[in-house]
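Some notes for your file, set out as numbered points. Please read them with the coordinates open.

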Amino acid sequence: VVVRHLMLALQFMISGFFLIGVMVIYSQVSYMMTKDPGFDQEQIIVVNLNENENQYDKYLLAKQVLKQNANIEDVSSCLIVPGFGYISGTNFAYGEHSFNASSNAMDANYLEFAGVELLKGRYFSADRASDSSHHIIINETTARLAGLYDDPIGKKVYLGWTDGQPQTVIGMVKDHHINGFDQEVYPMFMVNWNNYDFVKDWLGYIQFKVKPGQTESALTAIERFWINELEPNYPFTYHFQNEQFALNYASYQRQKSMFLILSIVVIITSLLGLFALATLSIQQRFKEVVIRKTLGAPVKEIVFQLVKSFLKITIIASVVLVPISYYAMQNWLSNFVYRIDMPVWPYILTPLVLLTLVFIVVGSKALNATRVDLIKYLKFE
């Protein structure tokens, strides 16, 4: 009996662990899916450029032609597209501060196109020639590391690309996430495509902002232009910005599904074991049930006496389970730079769920045992 009870307690602990895991993972994934990444994702189509030659010229042609389409609001491009994972970097220096920063070349309209919030200064302007030569924009992280956060505008900084030529900071934008929330925001500076001719060879994607409800029509127009005019010898490949960025969380979605499936399997197994053990235990105490009932004991008291030992097992299993699960979930959450505070409710709800299941299964068996026909049973005995 002791061994059976220990096995049942172990099953409850495993069931509870997976239940808590599902709740914590669900909370973290939901947080990541709803957290503001700092840029607009909706209604953005990202189309791949296949050829490595004349990419910038192709971009200018696509922008000129497709921007005239009534279903397309705007066209833009940048080196580092959120969700696509390509990070290029070089040295960033200001005074005594020097560190590696991600470098993002872009069209003059990109930051406004992407909805990246401007905190200080201004965006790039296509009408200012200086913005295509020696002006840059930095994000908050870069400003902090360089000691420029309070007053960045007009400061002269040096980049690894510029061979000692200073660059002037004209704006500071809010940090935005290039990858998922399990990674910190990189220090980043932004330049116009025309600042450095060599970066134009790295232009890999063109981005289109389409009007709501016109996605299919816009895609048809883009694809027709692509295969007929821009890259007739290559397949037309595109992604939706929000779906691509959400791929950063795909592995965690799979973990959530895996934990849920395992939880269901383990709980069903535990309930089957609980049902068998409860049946055996009540059969062994059946004579006690009859005697108590004959002596006038209330049904509630009899049921409670039969259920009590199982409730104790569940409580003990929960007491052991909670610290183990808390430690494991804290370790899992430590993988995320941007994470939720550990929720308390899974550690309260899980023991209550286990206790409820025990009471339902064992209580129903105990209740059936109290319905014995005393006369027939005593006569038989």
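1. A ruler for helices comes before anything else. The expected span of a helix is 1.5 Å times one less than its number of residues. Keep in mind throughout that this is a predicted model.

2. Apply that ruler to helix H2, residues 55-66. H2 has 12 residues, and therefore should span 16 Å at 1.5 Å a residue. Its end C-alpha atoms lie 16 Å apart, which agrees.

3. Which residues of H2 are buried? They are Gln 55, Tyr 56, Lys 58, Tyr 59, Ala 62, Lys 63 and Leu 66. Viewed down the axis of H2, the buried residues fall within an arc of 155°, so they line one face of the helix. The general rule is worth recalling: an α-helix has 3.6 residues a turn, so residues three or four places apart point the same way. The cover over the buried residues of H2 includes strand E2 (72-76), strand E10 (205-210) and helix H5 (215-230).

4. Helix H5 deserves a similar look. Its buried residues are Ala 218, Leu 219, Ala 221, Ile 222, Phe 225, Trp 226 and Leu 230. Down the axis of H5 they fall within an arc of 165°, so they too line one face of their helix. The buried residues of H5 pack against strand E1 (44-48), H2, E2, E10 and strand E11 (238-240). H2 is thus on the list for H5, and H5 is among the elements covering H2.

5. Now the chain as a whole. The secondary structure comes to 11 helices and 11 strands. Of the 381 residues, 48% count as buried. Among contacts with a separation of 6 or more, 81% are between residues 24 or more positions apart. The next three points each take one buried residue with partners elsewhere in the sequence.

6. Ser 15 sits in helix H1, residues 2-34. Is Ser 15 buried or exposed? Its relative accessible area is 1%, under the 20% cut-off, so Ser 15 is buried. Leaving out residues up to four places away in sequence, Ser 15 touches Val 266, Ile 267, Ser 270 and Leu 354. One of these, Ile 267, is 252 residues away along the chain, yet the two C-alpha atoms are separated by 5.4 Å.

7. Thr 350 belongs to helix H10, residues 345-369. At 0% relative accessibility, Thr 350 counts as buried. What does Thr 350 contact, leaving aside neighbours within four places in sequence? Its partners are Gly 16, Leu 19, Ile 20, Met 23 and Leu 321.

8. Val 199 is a loop residue, placed between strand E9 (188-192) and E10. Val 199 also counts as buried, at 0% relative accessibility. Not counting residues up to four places away in sequence, Val 199 touches Ala 105, Trp 161 and Trp 193. Tyr 56 lies 143 residues from Val 199 in sequence, and their C-alpha atoms are 9.4 Å apart in space. Tyr 56 is one of the buried residues of H2.

9. On to the open space. The largest pocket has a volume of about 150 Å³. Its lining consists of Lys 35, Asp 36, Pro 37, Gly 38, Thr 141, Arg 144, Lys 174, Asp 175, His 177, Val 185 and Tyr 338. By class, that lining has three nonpolar, three polar and five charged residues.

10. How many cavities of 30 Å³ or more does the structure hold? There are two. The largest cavity contains about 70 Å³ of space. Asn 139, His 176, His 177, Ile 178, Asn 179, Gly 180, Gln 183, Glu 184, Val 185, Tyr 186 and Met 188 line it. These divide into four nonpolar, six polar and one charged. His 177 and Val 185 line the largest cavity and also the largest pocket.

11. The second largest cavity has a volume of about 30 Å³. Phe 39, Asp 40, Ile 44, Pro 82, Tyr 110, Phe 113, Ala 114, Gln 207 and Gln 241 form its lining. Helix H3 (residues 110-114) supplies the largest share of that lining, three residues. Six of the lining residues are nonpolar, two polar and one charged.

Technical notes
Residues are numbered from 1 along each chain as its sequence is written. This is a predicted model: local features need pLDDT of at least 70, side-chain atom pairs count only at pLDDT 80 or more; totals for chains, interfaces and linings use all residues. Side-chain values use heavy atoms; hydrogens and water are left out. Helices (H or I, at least four residues) and strands (E, at least two) are DSSP runs, numbered from the N terminus. Buried means under 20% relative accessible area, exposed over 50%, partly exposed in between (1.4 Å probe, protein chains only). The arc is that of the directions from the helix axis to the C-beta atoms. Contact means heavy atoms within 4.5 Å. On a 1 Å grid over the protein atoms alone, a cavity is a set of points where a 1.4 Å probe fits but cannot get out, and a pocket is an open set with protein on both sides within 12 Å along at least five of seven lines; lining residues have an atom within 4 Å of a point. Grid points are joined across faces, edges and corners, and a volume is the space filled by probe spheres set on the points. Ala, Val, Leu, Ile, Met, Phe, Trp, Tyr, Cys and Pro count as nonpolar, Asp, Glu, Lys and Arg as charged, and the others, Gly among them, as polar.
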